[in-house]
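Trainee: I am new to this one. Can we go through it together, one residue and then one sheet?

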Amino acid sequence: MVIEITVRNAENGSTLNMEVEPHTTIEDIIEGAAEFWQKEAGAYVLRRGKRLLKGQSTVQDAELKNKDVLELIPDPEGG
Amino acid sequence: MVHARPNDKWDRSRRIDWLDVNALRRARCLVVGAGAIGNETVKNLALSGIGHITVIDMDSVELSNMNRCLFFRARDEGKPKTDVVAQGARELVPESEIRALNGVVEETEIDWNSYDVVLGCLDNIKARLHVNAHCRYHRVPYVDAGTDGMRAKLQVVLEDGPCIQCTMNNSHYRVMERRFSCTGGDFSYYEPPMAAEITTTAVIAALQVREVLKILSGKENACIHNVMFYDGFSNDLLELEVEIDEKCPNH
């Protein structure tokens, strides 16, 4: 069943609504959101509440629900 | 009551009840990376009284490093970063042993078991994964810090918890060989220099070394067991729960 989620951009607060399926992976969501916001190639993670979501897990594995709000966070890799 | 010991440099540190200064004096730490975070981290370790510090890096000092690197001076341009950092730390704390290893961490033979804690101050994912894997294999605690402009992150890798690789996804692997360095030069995967400034670096390096002090003082239970993200503009400090990834090769 398709559900609708909202992804928030941690860098500027803007949001994006996405329709996802149970087999959609967290990596797919990261990629879709990064592409939508035309982000530079870089490392990103996705969180729901206080939990960092595993990249390879699916919407079903992560137990995402309709209307969930996720946040896309840049993962700083500089030294 | 603790009486003042005027001849003891760490007298004030000994007044923090959980801090085991004697253990810190015996401790051996490896700092991987002598850039902005590495400078701050080595300074913090040295002043905290860590008795044996080794710092490894492959780079030389450049002028563009000097907005955020405590130990670098204009006269140091072209010198190996490790030599300059080690010399600066020795001047701060002559009683401690500070060693410099000039080389690429992936190509350097390191006796991982000889260290009590390893600190990651790196600028690329490939090296982070290398250090993370060795620390996991040798069961050496690994405390990793990273920055990007006003943002930073910190993760403590302990024997029973998730590791750096557990938090990564395809977006990391796509840029794995890229160096997120502020200098950007002399590397086959050249990328434009990234934003970097001292205040965010100083905050995350302080948090990083504080976690090391907990580990060395036998207070691992008080360490961050997840991953911490810091936004230096809003001052938000966000700790996110991370699980061990069952597909991670390090577990």
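Mentor: Yes. Keep in mind that this is a predicted model.

Trainee: Is Asn39(B) buried or exposed?

Mentor: The cut-off for buried is under 20% relative accessible area. Asn39(B) has a value of 0%. Therefore Asn39(B) counts as buried.

Trainee: Which helix holds Asn39(B)?

Mentor: The helix spans residues 36–48 of chain B. Asn39(B) lies in that stretch, which is helix α2.

Trainee: Which backbone nitrogen does the side chain of Asn39(B) reach?

Mentor: Look at what Asn39(B) touches, leaving out residues up to four places away in sequence: Ala34(B), Cys69(B), Leu70(B), Phe71(B), Phe72(B) and Val85(B). The side chain comes to 2.9 Å from a backbone nitrogen. That nitrogen belongs to Phe71(B).

Trainee: Now the sheet. Which strands stand at the edges?

Mentor: In chain B, 8 strands form an open sheet with mixed pairing, in the order β3-β2-β1-β4-β5-β6-β7-β8. Each edge strand has a single partner, so one side is left without a neighbour in the sheet. The edge strands are β3 (97–102) and β8 (236–240) of chain B.

Trainee: In β6(B), what is the bridge partner of Tyr142(B)?

Mentor: Strand β5 (residues 142–148) and strand β6 (residues 151–157) of chain B run antiparallel, joined by 7 bridges. In β6(B), Tyr142(B) is bridged to Val157(B).

Trainee: What angle does the direction of helix α6 make with that of β6(B)?

Mentor: Helix α6 (residues 198–216) of chain B packs on the sheet. Among the strands it touches are β5 and β6 of chain B. Its direction makes an angle with that of β6(B) of about 10°.

Notes. Residues numbered from 1 in each chain as written. Chains lettered and ligands numbered in written order. Predicted model: local features only at pLDDT ≥ 70, side-chain atom pairs only at ≥ 80, totals over all residues. Heavy atoms only, no water. Pairing = 2+ DSSP bridges. Helix = DSSP H or I, 4+ residues; strand = E, 2+ residues; numbered from the N terminus. Contact = heavy atoms within 4.5 Å. Axes fitted to C-alpha atoms, helices over the stretch in contact; angles between N-to-C directions. Buried < 20%, exposed > 50% of the residue type's maximum accessible area, 1.4 Å probe, protein only. Polar contact = N/O pair within 3.5 Å; in protein donor to acceptor, adjacent residues only side chain to side chain.
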